[in-house]
Amino acid sequence: MAIGWSILALSQAVDQDAAFAQRLWRLLAGASGEDYRLSWHYIPGKPMGFYQGTEPHGALLRTFVNSIAFDAIKAKVGQYPVGSVIVKDNHMPDGTLDGITVMVKRGKGYDPDHGDWFWAKYTPKGEVEVAGKVPMCSSCHARARGQDYVFSTAIR
């Protein structure tokens with residue numbers, strides 16, 4: 001019986017992550033009236049526009065942060081506050097958008113073993129490929145644990 005309840009709880013968590021990812025995409029795509037590519041900050045420490053990428057993200061990248069994350073980076077607070085969002089546009093060598101990867105700092109307890117980050121990957125059309133506690137994302141980003149799981153720029 002306990003296994004059944006555990007599976008049920010897991011499926012509800014997965015459903016919640018999928019629903020969150022869909023709502024997040026609607027916001028990123030402009031449902032709130034703002035387009036992250038036009039109104040958010042480029043992540044400090046990286047060039048505005050394209051820069052050389054690394055796998056699995058793509059040959060060319062553009063990385064954006066919301067004001068919550070930007071202010072935390074500038075203040076070197078040591079850890080991203082809840083509500084921080086980092087969006088990486090992943091491009092092929094010819095500049096074609098290949099996907100969008102997103103990190104969202106969730107509340108304490110969401111995923112304490114991985115900095116409470118929510119991970120998502122979208123197609124260029126906004127279809128959710130993966131979302132939630134994504135092992136491929138969290139295991140790679142664990143190498144940047146000292147920078148709150150973010151490679152792109154220093155938070156300390």
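**A friendly note on this predicted model**

1. Let's start with one aspartate. Asp148 has a relative accessibility of 4%, so this residue counts as buried, since buried means under 20% relative accessible area. Please keep in mind that this is a predicted model. You will find Asp148 in the segment after α4. Its backbone deserves a look too: Asp148 has a positive phi of about 55° although it is not a glycine. Most residues other than glycine have a negative phi.

2. What does Asp148 form with Lys105? The two make a salt bridge, and their closest N and O atoms are 2.9 Å apart. The pair links distant parts of the chain, with Asp148 in the segment after α4 and Lys105 in strand β5, 43 residues apart. Lys105 and Asp148 are both buried.

3. Next, look at Arg62 and Asp89. Their side chains meet in a salt bridge, at 3.1 Å from N to O. Arg62 lies in strand β3 (residues 60–65) and Asp89 in strand β4, so this pair ties together parts that are 27 residues apart in sequence. Is Arg62 buried or exposed? Arg62 has 18% relative accessibility, so it counts as buried, while Asp89 is buried with a relative accessible area of 0%. There is a further partner to find here: Arg37, Arg62 and Asp89 are linked in a network of salt bridges.

4. A third pair to click on is Lys121 and Glu129, whose side chains meet in a salt bridge at 3.5 Å, N to O. Lys121 counts as partly exposed because its relative accessibility is 29%, and Glu129 is partly exposed as well, with a relative accessible area of 43%. In the whole model, the count comes to four salt bridges.

5. Now follow the strands. β5 and β6 run antiparallel and are joined by six bridges. Strand β6 (residues 117–122) also runs antiparallel to strand β7 (residues 128–132), with four bridges between them. Trp119 is a handy landmark in β6: Met103 stands opposite Trp119, and in β7 the bridge partner of Trp119 is Gly132. How much of β6 is covered? Five of its six residues are buried, so "mostly covered" is a fair description under the cut-off of 20% relative accessible area.

6. Two turns of the backbone are worth a visit. In the hairpin of β6 and β7, five residues sit between the strands, and Gly126 takes a positive phi near 90°. The loop between β5 and β6 holds Asp116. This aspartate has a positive phi of about 65° although it is not a glycine, and it counts as buried because its relative accessibility is 9%.

7. Which residues have the most contacts inside the largest nonpolar core? They are Leu24, Leu28, Val87, Val102, Phe118 and Tyr122, in a core of 17 residues. At least two residues of this core come from each of α1 (2–31), β4, β5 and β6. α1 supplies the largest share, five residues.

8. The largest pocket is a good place to turn next, with about 540 Å³ of space in it. Of the 28 residues that line this pocket, Pro56, His57, Lys88, Thr101 and His141 are the closest to its centre. The lining divides into 16 nonpolar, seven polar and five charged residues. β2 (51–52), β4 (85–91), β5 (97–105), β6 and α4 (135–141) each supply at least two lining residues. Which of these elements gives the most? That is α4, with four residues.

9. Finally, go back to Pro56, one of the residues closest to the centre of the largest pocket. Pro56 is found in the loop between β2 and β3. A cis peptide bond joins Glu55 and Pro56, with omega at about 10°. Most peptide bonds are trans.

Notes: Residues numbered from 1 in each chain as written. Predicted model: local features only at pLDDT ≥ 70, side-chain atom pairs only at ≥ 80, totals over all residues. Heavy atoms only, no water. Pairing = 2+ DSSP bridges. 1 Å grid on protein atoms, 1.4 Å probe; cavity = no way out; pocket = protein on both sides within 12 Å on 5 of 7 lines; lining within 4 Å. Points joined across faces, edges and corners; volume = space filled by probe spheres on them. Nonpolar A, V, L, I, M, F, W, Y, C, P; charged D, E, K, R; others polar. Buried < 20%, exposed > 50% of the residue type's maximum accessible area, 1.4 Å probe, protein only. Core = buried A, V, L, I, M, F, W, Y, C linked by side-chain atoms within 4.5 Å.
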